[in-house]
Structure formats: C-alpha cells, structure tokens
Amino acid sequence: MTSVSTLVLSTPADILAAVPYLLGFHPRDSLVVAVFAGGALRVTTRWDLPIDPGALDPLAGLLRRESITTAVLAGYGPAALVTPAIDAASRLLGHAGVEVVEALRADAGRYWSYVCAQAGCCPPEGTRYDAVSGRVAAEAVLHGLVALPDRRSLVRSVEPYGGLARVAMGQATGRVVAETRTLLTAAERPDEVAAAFVAGGRARVRSAIARYGSGERLGDEEAARLGLDLAVVRVRDEAWALIDHREAHVALWRDLTRRLEPRFVAPVASLLAAAAWRGGDCALAGLALERALAADPAYSMANLLCQALRHLIPPDAMRDRMPTPEELDAQMGSPRMSWLVPLLAQLVEEPSVPAG
C-alpha cells in the first residue's frame, strides 16, 4: 500500500485533504492524531467524539516506544465536540515533550487552527478547503490510495455477500467439506495425509496471492478449499508470513472474508487485518478483526492483533518478529494429523445454505 508520506503536505488544507487517505474514509465527529518520529509518520489513529475517559491513554506508551517528536491533530465536527478532545490530546502530548505542529478543527468545508492566532491566515469564520478535488486528493488517487465517503462505506466493504452469491458459495462449501471429511476420516496413513494436505494448502496460499496480484479471483470451490486450508495453523501462518506491501494480500483476504461461510471466517479476516495493518490502514484492520472475533471470539491471532491495535503498536514491531516459512518449518517440524484437529471439528456439521 502506497504511503501517504509520499505526498507533500505544506498547508492545513493539505493535511485535511490527506487525512481521509490515511484513514481510508472521510471522518465525521472524530479526533485524528498523526505522530512522527523525526520526519517519519509512525501512526495515525482515530477516536469517535466525544472521547471516552481514558481513551487517549494508549498514546502515552506509543510516544515512549517510538521516540515521537511531533504530532498533528485534526478534529471533525462542531467546536463543542472537537475542542475538549483537542485540548486533552494536546495536554497528553505536551507532557510527553511532543510538539504539536498543527491542530485543526474541520466542519462544513471550513477549518480553524488551534495553533494560529493570526486573523490574516486563520479568520474567525474559518477558511474554506476542498478535501475531494484538490491537489493532495488528486495525488493520493494517482498513488492508488482510496478514501471512502464515510466509515459506514468501509464497514460495508468487509460485510458478507448476500443473495445468489451467498447461495452459490454455501453450495460450493458443502461440496468441499464433504470431500475433505471423507479424505481425512478415511486416511489409512493419517500423518502422510496430513503432510499432503498441509503442503497443498501452502501451495494454494501462494497461488492465490499471485492470482489476486494479477487481478484474477478464486472460484467458489477454490475459495472454499482455501478457507478449509487456513483452519490449519501452519497454513495460516504461511499466509501471515508472506504478507508484504502488495495490494494482493488485502484484495485476497478481503474477498474471502466476504465470501466464506461464518465458521471459516476467523483466519481470513485476521489475515485481512494483518495485511491492512501492514499497509497502515488501521481502520480496515479494526473492522476485519470485528469480523474475525464475531466468527470466533477466542481466535488467538485476532486477539493478538486487537491488543496490538489497542496499544497503538506500529506494524513493523510485530513484522520484525514474524518467522519466515523456513523458520516455521524448523520450529514446527513435520506435519501430523494432530495439526488438522481444529479443521476436523469444523467439518462435523454441514454449512447452512441460505434460501435465495
């Protein structure tokens, strides 16, 4: 995912035009905080307004961990809603020795600066700005960045497909589940079958990433089969270890998050969260984790990523600790049928197929 740091932001209007591309949507009734270490953007995060007591506390840990030096604040909404939040964030940042280089309130196409008192550039009635068709927005689109109209649009982008697409996917899943159940329960050499299953799953992960990278899409049975593969932790971790800057990862895991039957959603939604977080899209990562935990509240990868997002840990902190596929092989050893127990538990019942 292209970084917004490639954009040149020289005015308050530029900052406000860039924020939607940092978040992935145009915010409303929100406080946005972007923090920098030297000249490098480290984290951009958003809170709904009004802010709950203690909601900003995770910022303190981030400021220490990342040696943050400067910050930019942007509040969206009426002054009565925004000003208390800007004041609270400014106090927290000031106590940590972080310079607030700009603090803005935006509402109804105008902005006001909390750090500028000169009427010549910041009049009392506010300054008009264009967050949609200005230079920064045009450059962001050119770089492949997207800003949806609002948070609800982002929510819809990870919701399950309905209608005939859902019926077809349910039917395809039923066929793949029946085939896989027969394969695994009838195995005379269970560990050999497990080794073949894991090897096939890892190959299918790599193939799927390549296909989405070239603009293709998995068919229903292919998607269902990959969903079953990812119920095996070693296969899921292969997908996790392969996540990099390519948009193919977000495209693939978003598609499967929307298509798979609920019982198979937790791994793919968690992978979507990891890919979005890797690209700096914390909003999409958070929504993907909501889908993962709705499917399986105890899913460990989703809970781990939730903790990382909640404590504002930058993605590279975890990425640097992620083992390579080769290291995973060395750590886990040869595949065994015990690896497939979580999948077998999911094959007990047939997926439900909704009526048209």
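In this predicted model, strand 3 and strand 4 run parallel and are joined by 7 bridges. Along this pairing, Tyr76 sits opposite Ala106 of strand 4. The connection between the two strands is also worth a look: strand 3, helix 3 (residues 79-95) and strand 4 together form a right-handed β-α-β unit.

On its other pairing, strand 4 meets strand 5 in an antiparallel arrangement held by 4 bridges. Ala106 takes part here too, with Tyr111 as its bridge partner in strand 5. Strand 4 and strand 5 form a hairpin with 2 residues between the strands, and Ala108 in this hairpin adopts a positive phi near 55°.

These pairings belong to an open sheet of 6 strands, whose order is 2-1-3-4-5-6 and whose pairing is mixed. Strand 2 (40-48) and strand 6 (127-128) are the edge strands, each pairing on one side only. Helix 1 (residues 12-23) packs on this sheet, where it touches strand 1, strand 2, strand 3 (70-76), strand 4 (99-107) and strand 5 (110-113). The direction of helix 1 makes about 80° with that of strand 4. Towards the strand 2 edge, strand 1 (residues 30-37) and strand 2 run antiparallel, joined by 8 bridges. Within this pair, Ser30 stands opposite Asp48 of strand 2.

Attention now turns to helix 10, which covers residues 247-259. With 13 residues at 1.5 Å a residue, helix 10 should span 18 Å, and the distance of 18 Å between its end C-alpha atoms agrees with this. Of these 13 residues, 10 are buried, so helix 10 is largely enclosed by the rest of the structure. The buried set comprises Ala248, His249, Val250, Leu252, Trp253, Asp255, Leu256, Thr257, Arg258 and Arg259.

Arg259, a member of helix 10, offers a closer view of these surroundings. Its relative accessible area is 4%, and Arg259 therefore counts as buried, the cut-off being under 20%. The side chain of Arg259 reaches the backbone oxygen of Gly219 at 3.5 Å. Leaving aside residues up to four places away in sequence, Arg259 touches Tyr161, Arg166, Met169, Tyr212, Arg217, Leu218, Gly219, Asp220 and Ala223. Gly219 thus appears both among the residues touched by Arg259 and as the owner of the backbone oxygen that the Arg259 side chain reaches.

How values were computed
Residues are numbered from 1 along each chain as its sequence is written. This is a predicted model: local features need pLDDT of at least 70, side-chain atom pairs count only at pLDDT 80 or more; totals for chains, interfaces and linings use all residues. Side-chain values use heavy atoms; hydrogens and water are left out. Buried means under 20% relative accessible area, exposed over 50%, partly exposed in between (1.4 Å probe, protein chains only). A polar contact is a pair of N or O atoms within 3.5 Å; within protein, one must be able to donate a hydrogen and the other to accept it, and residues adjacent in sequence count only if both atoms are side-chain atoms. Contact means heavy atoms within 4.5 Å. The expected span of a helix is 1.5 Å times one less than its number of residues. Two strands pair if DSSP finds at least two bridges between them. Axes are lines fitted to C-alpha atoms, for helices over the stretch in contact, and angles run from 0 to 180 degrees between N-to-C directions. A crossover is right-handed if, with the strands pointing away from the viewer, the path from the first strand over the helix to the second runs clockwise.
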